[in-house]
Amino acid sequence: MSDTAPPASDRAFPGLHGDAAELAALHALVEGTAQAIGEDFFRALVGNLALATGTSGAFVAEFAGDKTRVRALAFWMDGEFLADQEWELADTPCEIVLSGEFCHYPAGVSRQFPKEEGVESYLGVPLRDADGEILGHLAVFDRREMPTEPRLLYTFQIFAARAAAELARLRAMQRLRESEERFRDLFEEAPIAYVHEDLDSRFVSANQAAQRILGLKPEEVPGFVGLSLVPDEPEAQRRAEDAFAAIERGSDTGGVVLELRRKDDGRPVWIQWWSRPDPEGRYTRTMFIDITDRVLMEREQARLQAQNRYLREELREAHGFEDIVGQSPAIRALLGHVRKVAGTDTSVLIQGESGTGKELVARAIHAASPRRDKPMVKLNCAALPTGLVESELFGHEKGAFTGAIARRVGRFELADGGTLFLDEIGELPLDVQAKLLRVLQEREFDRVGGKAPVKVDVRVIAATNRDLLGAVADKTFRDDLYYRLNVFPVSTPPLRERPEDIPLLVQFMIDKFAPRLGRRIGGIGAASLRRLQAYRWPGNIRELENVIERAIILAEGPQLDIGPDLLPTAVPATVPAEPERGLSLEAVERDHIAAVLKEVGGVIEGPAGAAKALGLHPSTLRYRMKKLGLR
């Protein structure tokens with residue numbers, strides 16, 4: 001290199017020399033690149049760098065694919081930018097720079113690197129990121145010699161560092177864009193629902209899974225209020241309020257189960273919900289999964305479990321008979337009615353005195369019906385307090401009333417697909433009668449405290465010992481419900497009207513009770529049978545059953561003997577052996593209950609109480625005592 005060659009700064013700014021030229025060059029670089037970023041920065045950098053150094057060209061380049069090729073981010077030569085510059089590194093000074101070395105060839109570049117034809121001098125520096133990894137390089141070249149000038153080289157390195165920082169920033173931005181695209185794809189295509197919403201539950205964004213679960217269209221998402229999907233039911237509202245209150249306190253909410261209604265068709269949907277507020281407390285990031293199938297399965301499982309519990313309780317109870325016993329014309333006529341109506345879904349009203357086997361007839365109808373593989377569920381309408389009858393029939397939601405600490409499945413849901421036997425239907429409160437009529441007409445009902453109707457397929461068989469037509473006349477029973485229930489009336493004959501069945505019934509009861517009581521009884525004497533057939537049996541078959549069980553316990557031999565002491569009213573003081581003309585059934589029942597109460601000393605409940613002796617539920621006995629004026 002000639003000793004007389006002017007410095008690069010002097011060549012770039014010919015009116016200035018020495019320090020003034022170098023300051024002018026530095027000022028030009030700073031001014032030219034101060035406001036630029038990205039591609040604009042690189043173009044400004046190489047253009048001003050060539051101007052400041054007085055060289056023919058300058059470029060900044062990065063690796064192209066692998067580390068054997070580079071492509072220019074900006075390339076300035078002879079006063080203009082060149083586009084799409086890319087070259088192999090082999091046998092070029094760039095190869096040395098990108099191996100990690102600062103490289104300055106003051107002269108002789110084309111002799112040492114024949115590929116660089118016309119290039120005399122070269123100055124290049126590697127561009128590294130914060131971890132020291134080489135990202136690319138910055139270089140200037142000239143057709144003239146480029147003397148070594150320490151201060152200009154130092155300035156060159158400063159701008160190389162700035163170029164490295166900008167290149168690293170662009171790389172980071174590229175990775176961020178790729179990451180955002182990747183996560184955007186994951187966000188949109190994820191099977192889990194994601195929602196970005198503010199603290200008032202207004203949606204900012206929602207992915208496809210969320211839109212599908214909630215029944216939303218894409219254009220409906222921005223500004224949609226998620227809480228508007230919560231149904232107007234106490235438990236659902238409480239859960240949602242508690243969840244959003246936790247978010248407002250800055251707490252994470254995890255695993256909460258919320259009940260919603262889809263936006264498009266209003267169908268119920270249950271979600272399990274996780275939400276976290278952002279650090280500034282303005283928005284939440286929410287995700288949820290659709291657990292509707294699981295909730296419905298759990299509800300069905302709960303219904304079946306309740307049904308099974310009910311059936312197990314029923315099996316533990318001692319039903320009156322295992323079959324209808326008798327060959328009298330009255331029984332044959334009754335069984336004929338059972339056979340005719342069993343194959344239909346018609347409502348049946350069974351009327352008859354207490355103890356005549358009304359429940360047994362209902363079970364026979366169910367057992368011969370197409371519903372026999374489904375449960376027959378029963379409810380004694382007189383055995384429950386008035387306020388609980390509706391809850392027992394239709395169930396209730398949690399929190400529907402004081403003491404409703406859990407959701408309860410009612411008898412109608414338990415009997416879905418099967419038969420519901422409503423005993424003592426005449427005792428049903430008027431307000432519940434109206435709701436029962438709705439179920440019979442529309443096959444749907446509302447739980448206590450519930451909002452959505454529940455569909456059921458249930459056959460109703462009702463029974464009563466009351467005069468329902470008289471109750472209709474007295475306005476204590478709805479006439480429309482009576483006619484809806486009384487589609488097919490069935491009457492159970494009292495035992496006094498079929499004395500010829502008593503021998504069969506007695507033998508049936510001996511076979512039933514004797515093995516259970518550990519006794520061997522071969523039969524019953526003729527005198528005892530005549531005594532039993534002569535008795536009026538105001539308690540009907542239940543009373544006969546109690547008498548036979550007591551006789552078996554007291555028997556001292558293989559033959560059953562029914563003495564006068566077992567039938568205190570066989571030649572009754574209060575009930576004549578031959579019925580007086582004009583004596584009503586109610587009077588007979590009153591006298592019989594009074595006699596039994598006197599015999600047990602007024603005790604109603606317990607093994608020695610009047611209810612046990614009469615085969616009645618204590619609540620039923622108390623009701624009848626009140627009705628008959630007995631204390």
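Colleague: Which residue takes a positive phi just after α14?

Modeller: Happy to help, and do keep in mind that this is a predicted model. Helix α14 covers residues 430–442. Just after that helix, phi turns positive, at about 55°, and the residue that takes this value is arginine 443.

Colleague: What span does α14 reach from its first C-alpha to its last?

Modeller: The helix has 13 residues. At 1.5 Å a residue, 18 Å would be expected. The span in the model is close to that, at 19 Å.

Colleague: Within what arc do the buried residues of α14 fall, seen down its axis?

Modeller: Start with the residues themselves: Val432, Gln433, Leu436, Leu437, Val439 and Leu440 are buried. Viewed down the axis of α14, these buried residues line one face of the helix, because they fall within an arc of 160°.

Colleague: Good, now the strands. Which residue in β12 is the bridge partner of tryptophan 273?

Modeller: Strand β11 (residues 268–277) pairs with β12 in the antiparallel sense over seven bridges. Strand β12 is also joined to β8 (residues 193–198) by six bridges, again antiparallel. On the β8 side, alanine 193 stands opposite phenylalanine 288. For tryptophan 273, the bridge partner in β12 is likewise phenylalanine 288.

Colleague: How many contacts beyond near neighbours in sequence does the stretch 315–322 have in the model?

Modeller: The chain has a mean pLDDT of 81, with 84% of its residues at 70 or more. Over residues 315–322, though, the pLDDT is below 50. Where pLDDT is low, the predicted coordinates should not be read in detail. With that caution, the number of contacts for residues 315–322 beyond near neighbours in sequence is 13.

Definitions and conventions:
Residues numbered from 1 in each chain as written. Predicted model: local features only at pLDDT ≥ 70, side-chain atom pairs only at ≥ 80, totals over all residues. Heavy atoms only, no water. Helix = DSSP H or I, 4+ residues; strand = E, 2+ residues; numbered from the N terminus. Expected span 1.5 Å × (residues − 1). Buried < 20%, exposed > 50% of the residue type's maximum accessible area, 1.4 Å probe, protein only. Arc of directions from axis to C-beta. Pairing = 2+ DSSP bridges. pLDDT = per-residue confidence, 0-100. Contact = heavy atoms within 4.5 Å.
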